[in-house]
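Visitor: Could you take me through one part of this model slowly, the aromatic side chains and the neighbourhood they lead into? I would like to know how the pieces fit together.

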Amino acid sequence: MENYIDGFVFPLPMAELEKYKNVALKVAEIWKEYGALSYQEYVGDDMKLEGTRSFAEAIEVKADEVFVFGWVVFPSKAARDEANIKVPLDTRMAEILAPINQDGKVVFDASRMFYGGFKALVET
């Protein structure tokens, strides 16, 4: 069976990066408990390649923001679908994702997140 991934990219205020990192570490463990093989998140760094449009441009990252690119690997789409049902219902998620920045808002704006599920095309 081929792996299946959920991929996502979103902007994040630079001032919230460390707080978000702590959230992501906790969330990653929960996803892995529910079947994820791997959970990865990276912060955009080098966004310039001649002749291409960068992720930063596509998601309209502001001067005081960075963007996060991540993916969660599952052994199959069925395993991913099951995890996507169970993870949001886990009571720890509500605690982890509760408002955590100084003004009582969540760390990032989910409405600016791009997300999708992907089946394998090439795996080497």
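**From the aromatic rings to a helix**

Guide: Let's begin with Phe69, which is partly exposed because its relative accessible area is 32%, between the 20% limit for buried and the 50% limit for exposed. Please keep in mind that this is a predicted model. Trp71 also counts as partly exposed, with a relative accessibility of 24%. Phe69 and Trp71 belong to one aromatic cluster, together with Tyr42, Phe55 and Phe67.

Now let's widen the view. Searching the whole structure turns up eight aromatic pairs. One of them joins Phe10 and Tyr20 in an edge-to-face arrangement, with 5.4 Å from centre to centre and 75 degrees between the planes. Phe10 sits in strand β1 and Tyr20 in helix α1, 10 residues apart, and the pair links these distant parts of the chain. Phe10 and Tyr20 are both buried. Back in the cluster, Phe69 and Trp71 make a tilted pair, with 5.4 Å between the ring centres and 55 degrees between the planes.

Strand β1 gives us a way onward, as Tyr4 is found there. Tyr4 is buried because its relative accessible area is 10%, under the 20% limit. Its C-alpha atom lies 6.3 Å from that of Ala120, although Tyr4 and Ala120 are 116 residues apart along the chain. Beyond its close sequence neighbours (those within four places), Tyr4 is in contact with Val72, Val73, Phe74, Ser76, Lys77, Arg80, Gly117, Phe118 and Lys119.

Follow the contact between Tyr4 and Arg80, and you arrive in helix α3, where Arg80 is found. This arginine counts as buried because its relative accessibility is 10%. With neighbours within four places set aside, Arg80 is in contact with Tyr4, Asp6, Phe74, Tyr115 and Gly117.

Let's finish with the helix itself. Helix α3 covers residues 77-89, 13 in number. From its first C-alpha to its last it reaches 19 Å, close to the 18 Å expected at 1.5 Å a residue. Ala79, Arg80, Ala83 and Val87 are buried in α3. As a reminder when you look along it, an α-helix has 3.6 residues a turn, so residues three or four places apart point the same way. The cover over the buried residues of α3 includes β1 (4-13), α1 (17-33), β3 (65-74), α4 (91-96) and β4 (114-119). That brings us back to β1, the strand that holds Tyr4.

Key:
Residues numbered from 1 in each chain as written. Predicted model: local features only at pLDDT ≥ 70, side-chain atom pairs only at ≥ 80, totals over all residues. Heavy atoms only, no water. Helix = DSSP H or I, 4+ residues; strand = E, 2+ residues; numbered from the N terminus. Expected span 1.5 Å × (residues − 1). Buried < 20%, exposed > 50% of the residue type's maximum accessible area, 1.4 Å probe, protein only. Contact = heavy atoms within 4.5 Å. Phe/Tyr/Trp six-rings, centres within 6.5 Å; stacked < 30°, edge-to-face > 60°.
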